[in-house]
Each structure stands twice: as C-alpha cells, then as structure tokens.
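User: I'm used to gels and columns, and I'd like to learn how to read a protein model. Can you walk me through this one?

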Amino acid sequence: MAEDHVDQLLAQWARQRPDLDCSPMGVLGRVARMAAIAGREVSDELKECGLLGSDFDILATLRRAGGPLTPTALYQSAMLSSGAMTARLDKLELRGLIERQAAPDDRRSLLVNLTETGLALIDQAVERHVANERRLLAPLNREEQVQLAALLKRWLLENE
C-alpha cells in the first residue's frame with residue numbers, strides 16, 4: 001500500500017523516539033486530515049450554491065424540522081452564539097431565504113421559517129452536498145463506509 005503524509009510523520013517519530021508508540025497519531029492524524037480536506041471540499045461546494053457553512057446549517061436545520069423554529073432552537077442546533085445567529089438570520093432574511101414572524105402563542109417570541117426561495121435553495125444545496133460527500137467517500141466501498149461510520153460513532157459516544 002502507498003504511503004500517505006501521516007506514514008511519513010510516523011516514520012520520523014519512529015526514528016527519533018523508537019521507545020514511543022505513536023500509533024494513536026496515525027489514527028487521529030488521519031481523521032484530522034480527512035476532516036480538513038472534507039471541510040474544504042464541502043465549503044467550496046456550498047459556495048457554488050451561494051452559501052456559507054453556517055447558512056447551510058441554518059437552512060438545513062429548518063428544512064429537517066419541517067416547520068418554523070425559534071432562533072434559540074436554531075442556534076442550539078447550529079452551535080452558534082445568539083449574536084452570531086441573529087446576524088446570520090438578518091442576512092438570510094435580506095436574501096429572501098427565511099422569514100421571521102411573531103409566534104402565535106407568544107408575541108415576544110419569533111419563529112423562523114424558510115421562504116419558497118429558501119426551500120428551493122436548500123433542497124438544491126442538500127442534493128449537491130450529498131453527492132459531494134458520496135464522491136469524497138468513493139475510495140471506500142459501501143461496507144467500509146458502514147464500518148467506518150460505526151467506529152466513529154462508537155468513539156464519539158464515548159468522548160462527546
């Protein structure tokens with residue numbers, strides 16, 4: 001099998017510190033590199049749709065919810081601060097992708113909903129996003145993808 005960048009780093013460590021088992025670096029280094037590459041590729045794909053990653057997260061959260069959400073529910077789901085969420089919502093509203101309206105049961109609370117334009121955009125962006133992720137995972141067959149997902153899930157359940 002061909003060597004990757006992490007193999008080279010591990011070989012250097014083995015020469016300099018043969019007493020130290022650096023194999024964890026092999027796993028976590030590759031996960032970090034994979035995340036960086038995938039993040040770049042996903043970001044580039046979203047830019048082609050006219051979206052930033054945080055815009056995509058907000059629109060996708062609204063799409064998955066199937067109906068209006070409060071800004072609080074959105075920022076908790078998207079892991080943005082309240083102030084950052086307000087700024088993102090302002091920009092999305094200016095673009096005509098979302099609308100904010102008073103909650104029927106509490107006029108002090110707002111609900112955020114996709115507009116028809118926002119719905120069409122997020123549906124297109126999600127389709128492109130999934131196709132891009134499929135392309136990124138193509139070096140692994142379906143069984144390997146399932147195995148990798150299960151291993152990562154197990155790690156996350158233990159560490160999150």
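Analyst: Happy to. One thing before we start: this is a predicted model. A good opening number is the buried share, and here buried residues make up 23% of the 160 residues in the protein.

User: What is the make-up in helices and strands, and in what order do the elements run from the N terminus?

Analyst: Count the elements, then read them along the chain. The protein has seven helices and two strands. Starting at the N terminus, the order is α-α-α-α-α-β-β-α-α. The radius of gyration is 21 Å, well over the 15 Å that the globule rule gives for 160 residues, so the protein is more spread out than a compact globule.

User: What box do the C-alpha atoms fill?

Analyst: Taken along the principal axes, the box is roughly 65 × 30 × 25 Å.

User: And the surface: how much does the protein expose, and what share comes from carbon and sulfur atoms?

Analyst: The exposed area is about 11200 Å², with carbon and sulfur atoms supplying 55% of it. For charge, look at the counts and at where the two sets are centred. The protein carries 20 positive and 24 negative side chains, and the centres of the two sets lie 2 Å apart.

User: How do I read the strands? In which sense do strand 1 and strand 2 pair?

Analyst: Look for the bridges between them. Strand 1 (residues 98–103) and strand 2 (residues 106–114) pair in the antiparallel sense, over six bridges. The link is a hairpin that joins strand 1 to strand 2 through two residues. You can follow the pairing residue by residue: Ile98 stands opposite Leu114 in strand 2, and Glu99 has Asn113 as its bridge partner there. As a general idea, side chains in a regular strand alternate between the two faces of the sheet.

User: Let's go to single residues. Is Leu92 buried or exposed?

Analyst: Buried means under 20% relative accessible area. Leu92 has 0% relative accessibility, so Leu92 counts as buried. Leu92 sits in helix 5 (residues 82–94).

User: Which residues is Leu92 in contact with, leaving aside neighbours within four places in sequence?

Analyst: Leu92 is in contact with Asp55, Ile58, Leu59, Leu97 and Ile98. Ile98 is the residue we just met opposite Leu114. You can also compare distance along the chain with distance in space: Leu92 and Gly118 are 26 residues apart in sequence, while their C-alpha atoms are 8.6 Å apart.

User: What about Asp90 in the same way: where is it found?

Analyst: Asp90 is found in helix 5. Asp90 is partly exposed, with a relative accessible area of 34%. Asp90 and Asn113 are 23 residues apart along the chain, and their C-alpha atoms are separated by 13 Å.

User: Now Ile122: what does it touch, not counting residues up to four places away in sequence?

Analyst: Ile122 touches Phe56, Leu59, Ala60, Arg63 and Leu114. Ile122 has its place in helix 6 (residues 116–137), and is buried, with a relative accessible area of 0%. Leu59 turns up in the contacts of Leu92 and in those of Ile122. A large gap in sequence can go with a wide gap in space too: Ile122 and Val31 are 91 residues apart in sequence and 28 Å apart, C-alpha to C-alpha.

User: One last case. Where is Thr61 found?

Analyst: Thr61 is found in helix 3 (residues 53–65). Thr61 counts as buried, at 8% relative accessibility. Not counting residues up to four places away, Thr61 touches Leu69, Leu74 and Ser77.

User: What share of the contacts with a separation of 6 or more joins residues 24 or more positions apart?

Analyst: That share is 48% for the protein.

Methods: Residues numbered from 1 in each chain as written. Predicted model: local features only at pLDDT ≥ 70, side-chain atom pairs only at ≥ 80, totals over all residues. Heavy atoms only, no water. Helix = DSSP H or I, 4+ residues; strand = E, 2+ residues; numbered from the N terminus. Rg over C-alpha atoms; globule rule 2.2 N^0.38 Å. Buried < 20%, exposed > 50% of the residue type's maximum accessible area, 1.4 Å probe, protein only. Contact = heavy atoms within 4.5 Å. Areas by Shrake-Rupley, 256 points an atom, 1.4 Å probe, with all protein chains shown as cover. Lys, Arg positive; Asp, Glu negative; His and termini not counted. Charge placed at Lys NZ, Arg CZ, Asp CG, Glu CD. Pairing = 2+ DSSP bridges.
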